[in-house]
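Got a minute to walk through a model together? Bring your questions about helices, burial and aromatic rings.

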Amino acid sequence: MSFIARRGLSTLIPPKIASPSGIGAAQDAARMERVVSFYEKLPRGPAPEVQPRGLFERYQARYFGKNPSPAPLAHLIGFMIVFGYAQNYYFHLRHHKNNAH
């Protein structure tokens, strides 16, 4: 394993706060107390779920979140039909509205 990968993994593992020699720092009590107080203030448990805010985020959370659904394919097909008809009407069908081809 490369040095960079080991360094990246080592930052994820908190130091042993039970003994000052475990963190490789000075062995005075004041520094140890700061380390302990820092780790006591960290939140415990899983992080709260982020609530979606915008239109796209709500759509993504609903159809691509925990229970993925094939509904976006139906939405895409419906959008393409509506957009295609609107384009066809604008460029071709509106010219033939009142008289035959």
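What follows is a short back-and-forth on reading this predicted model.

Q: Where do I start: how many helices and strands does the chain have?
A: Start with the element count and order. Here you get four helices and zero strands, and from the N terminus on the order reads α-α-α-α.

Q: What share of the residues counts as buried?
A: For burial, look at relative accessible area, with under 20% as the cut-off. In this chain, 5% of the 101 residues make it. The accessible surface adds up to about 9500 Å², and carbon and sulfur atoms own 63% of that.

Q: And what part of the contacts comes from residues far apart in sequence, 24 or more positions?
A: Take the contacts with a separation of 6 or more, then ask what part spans 24 or more positions. In this chain that part is 6%.

Q: Let's zoom in on H2. How does its end-to-end span fit with its residue count?
A: The trick is to compare an expected rise with the actual distance. Helix H2 covers residues 29-41, which is 13 residues, and at 1.5 Å a residue it should span 18 Å. The C-alpha atoms at its ends lie 18 Å apart, so the two agree.

Q: Which residues of H2 are buried?
A: Met32, Val35 and Val36 are. Around the axis they take up an arc of only 95 degrees, so they sit on the same side of H2.

Q: Which exposed residues does the face turned away from that buried side carry?
A: Ala30, Arg34 and Lys41 are the exposed residues on that face of H2.

Q: On to the rings. How many aromatic pairs does the structure hold?
A: Five. To classify a pair, check the ring centres and then the angle between planes, where over 60 degrees means edge-to-face. Phe38 and Tyr39 have ring centres 5.2 Å apart and planes at 80 degrees, so they are an edge-to-face pair.

Q: How exposed are those two, Phe38 and Tyr39?
A: Phe38 has a relative accessible area of 49%, so it is partly exposed. Tyr39 counts as partly exposed too, at 24%.

Q: What geometry do Tyr90 and Phe91 show?
A: They form an edge-to-face pair, 5.0 Å centre to centre with 80 degrees between the planes. For cover, Tyr90 is partly exposed at 46% relative accessible area, whereas Phe91 is exposed at 58%.

Q: Which residues form an aromatic cluster?
A: Tyr59, Tyr63 and Phe64 form one together.

Definitions and conventions:
Residues numbered from 1 in each chain as written. Predicted model: local features only at pLDDT ≥ 70, side-chain atom pairs only at ≥ 80, totals over all residues. Heavy atoms only, no water. Helix = DSSP H or I, 4+ residues; strand = E, 2+ residues; numbered from the N terminus. Expected span 1.5 Å × (residues − 1). Buried < 20%, exposed > 50% of the residue type's maximum accessible area, 1.4 Å probe, protein only. Arc of directions from axis to C-beta. Contact = heavy atoms within 4.5 Å. Areas by Shrake-Rupley, 256 points an atom, 1.4 Å probe, with all protein chains shown as cover. Phe/Tyr/Trp six-rings, centres within 6.5 Å; stacked < 30°, edge-to-face > 60°.
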